[in-house]
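Biologist: Hi! Could you walk me through this structure in plain words?

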Amino acid sequence: MAGVHRSKPVTNGASERVFAMVLTRGPISRADIARQTGLSKAAVTKAAQPLLAHGYLEELLDQGRQAVGSGRPSSPLQIQADREFFIGVKVTEDHLVGVVTDLGARVVTTQTWPLQSADADQTIAQIAELVAVLRDTEPAYKERSHCLGLAISGDIDRDTGVVRYSPFLGWRQVPLAELTAAATGLTVSIENDVKALAVAEHWFGAGVGTTCFAVVTVGIGIGCALVIDNRVHRGSHGVAGEIGHVPVAGDSPLCHCGGHGCVEAIAASGPIVKAVREASGDESIDFPDVLRLAIDGDGPARRAVGRAGQAIGLSVAAMANLVGPERIIVTADLADLASYEHFHQEASTAFAGQAFGAAADCELIFGYRPFEAWARGAAAVAIQTLFTL
């Protein structure tokens, strides 16, 4: 994290656990927090004090309990959502998608701009301009937004704020957090875009209530992020969860990574389009065309998308066998693919056939996440950075 130093409202591990519980489960009583975290009631009260003092949490009077005279009201805790606002920006190969969220990661405004240049300095200047526009939308956003999260594809070192390698942008060893903090004056956190999406799902989405789950993204590439014991798992080299390069098809096709039979060489949008173009002889077909053809029952398109689903199913089964997540969230860049039953069926069938024993009990959830959701993930990273040790 880079930028102007700010004192954290979270002061210890207990405060972090209490805040996360209220954020994801609130309004919630201190007694329920104690039961679910294993902390004593006294420890919960002590941990909540700095969060209440700084205005990040507030107490609600339990009117029902007070009315029947059943003792002291429990005064459940909830976040004060407008206490602070957070900026999130998703950087794609051709667009910047920016959002402002409140403390509960509710998107309150959004902007999508064409990326003018992939040059790092020019991109940072455009990010700073976008952030200024977002903050100027409402006086409260400018007054109470101090943290910016950036989500970008590739090999990202969140601790140092350095983009080690982003293939779509051609960046290597770019100190993005430091440079963007200098350009915006904000505290900046950066994260791999899929891991940022997993942070949002963990605290605010389909991952709420689980301690171990995975997010798999299907689009121009195949991404994956793992949450294990309530933390995004990066592994020793920061690239844990790269199921896009799990081999599922023997010696072919050749993948851009140099491997053979990788999931990404079959299930990413480019290989799907290539297969349908070769079968039809129509070079004008793009990915939305493929999905429309498949939904209409076109044989080559249906086979290509079905094969992609099978590759995804095999790869997530391998992950389930190795990691044992409670839930796997498979998200697509396009709503048509996310809702396409044949894709779901092929993936689910392949998963069920390959998952071992109780690993097959892992829940598969299919959904659509537009780029605004990824930008929200970047904002969630900023929230997480401020509220975790």
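Modeller: Happy to! One definition before we start: a helix here is a DSSP run of H or I with at least four residues, a strand is a run of E with at least two, and both are numbered from the N terminus. Also keep in mind that this is a predicted model.

Biologist: Got it. What happens just after α3?

Modeller: Gly55 sits there, and its phi is positive, about 85 degrees.

Biologist: And how far apart are the end C-alpha atoms of α3?

Modeller: They are 18 Å apart. Helix α3 covers residues 41-53, and at 1.5 Å a residue its 13 residues should span 18 Å, so the two values agree.

Biologist: Nice. Which residues of α3 are buried?

Modeller: Val44, Ala47, Ala48, Pro50 and Leu51 are buried. As a general point, an α-helix has 3.6 residues a turn, so residues three or four places apart point the same way.

Biologist: What do the buried residues of α3 pack against?

Modeller: They pack against the helices α1 (13-25), α2 (30-37) and α15 (371-387), and also against the strands β1 (57-59) and β2 (77-79).

Biologist: On to strands. How many residues of β3 are buried?

Modeller: Seven of the seven, so to speak: strand β3 runs over residues 85-91 and is mostly covered. Phe85, Ile87, Val89 and Val91 point one way, while Phe86, Gly88 and Lys90 point the other way, and all are buried.

Biologist: Which way does β6 run beside β3, parallel or antiparallel?

Modeller: Parallel, with seven bridges joining β3 to β6 (residues 145-152). In that pair, Phe85 stands opposite Ser145.

Biologist: And what about β3 and β4?

Modeller: Those two pair in the antiparallel sense over six bridges, with β4 covering residues 95-101. Lys90 of β3 faces Val97 in β4. The two strands form a hairpin, with three residues between them.

Biologist: In the sheet with β13 and β15, what is the order of the strands?

Modeller: The order is β13-β12-β11-β14-β15, in an open sheet of five strands with mixed pairing. β13 (231-233) and β15 (363-368) are at the edges with a single partner strand each, so one side of each has no neighbour in the sheet. On average, neighbouring strands here are turned by 25 degrees against each other, direction ignored.

Biologist: Which helix packs on the sheet?

Modeller: That's α8, which touches β11, β12, β13 and β14 (327-332). The direction of α8 makes about 130 degrees with that of β11.

Biologist: How many bridges are there between β11 and β12?

Modeller: Six, and the pairing of β11 (residues 213-218) with β12 (residues 222-228) is antiparallel. Ala214, for instance, has Leu226 in β12 as its bridge partner.

Biologist: What about the sheet with β7, β8 and β9?

Modeller: It is an open sheet of three strands in the order β7-β8-β9, with antiparallel pairing. Its neighbouring strands are turned by 10 degrees against each other on average, direction ignored. Three bridges join β8 (residues 162-166) to β9, and Val163 stands opposite Val174 in β9.

Biologist: Last topic: what is the volume of the second largest pocket?

Modeller: About 480 Å³. Its lining has 20 residues, and Arg17, Ala20, Met21, His202 and Asn230 lie nearest the centre.

Biologist: Which helix gives the most to the lining of that pocket?

Modeller: α1 does, with six residues. α1, α2 and α8 (193-204) each supply at least two residues of the lining.

Conventions
Residues are numbered from 1 along each chain as its sequence is written. This is a predicted model: local features need pLDDT of at least 70, side-chain atom pairs count only at pLDDT 80 or more; totals for chains, interfaces and linings use all residues. Side-chain values use heavy atoms; hydrogens and water are left out. The expected span of a helix is 1.5 Å times one less than its number of residues. Buried means under 20% relative accessible area, exposed over 50%, partly exposed in between (1.4 Å probe, protein chains only). Contact means heavy atoms within 4.5 Å. Two strands pair if DSSP finds at least two bridges between them. Axes are lines fitted to C-alpha atoms, for helices over the stretch in contact, and angles run from 0 to 180 degrees between N-to-C directions. On a 1 Å grid over the protein atoms alone, a cavity is a set of points where a 1.4 Å probe fits but cannot get out, and a pocket is an open set with protein on both sides within 12 Å along at least five of seven lines; lining residues have an atom within 4 Å of a point. Grid points are joined across faces, edges and corners, and a volume is the space filled by probe spheres set on the points.
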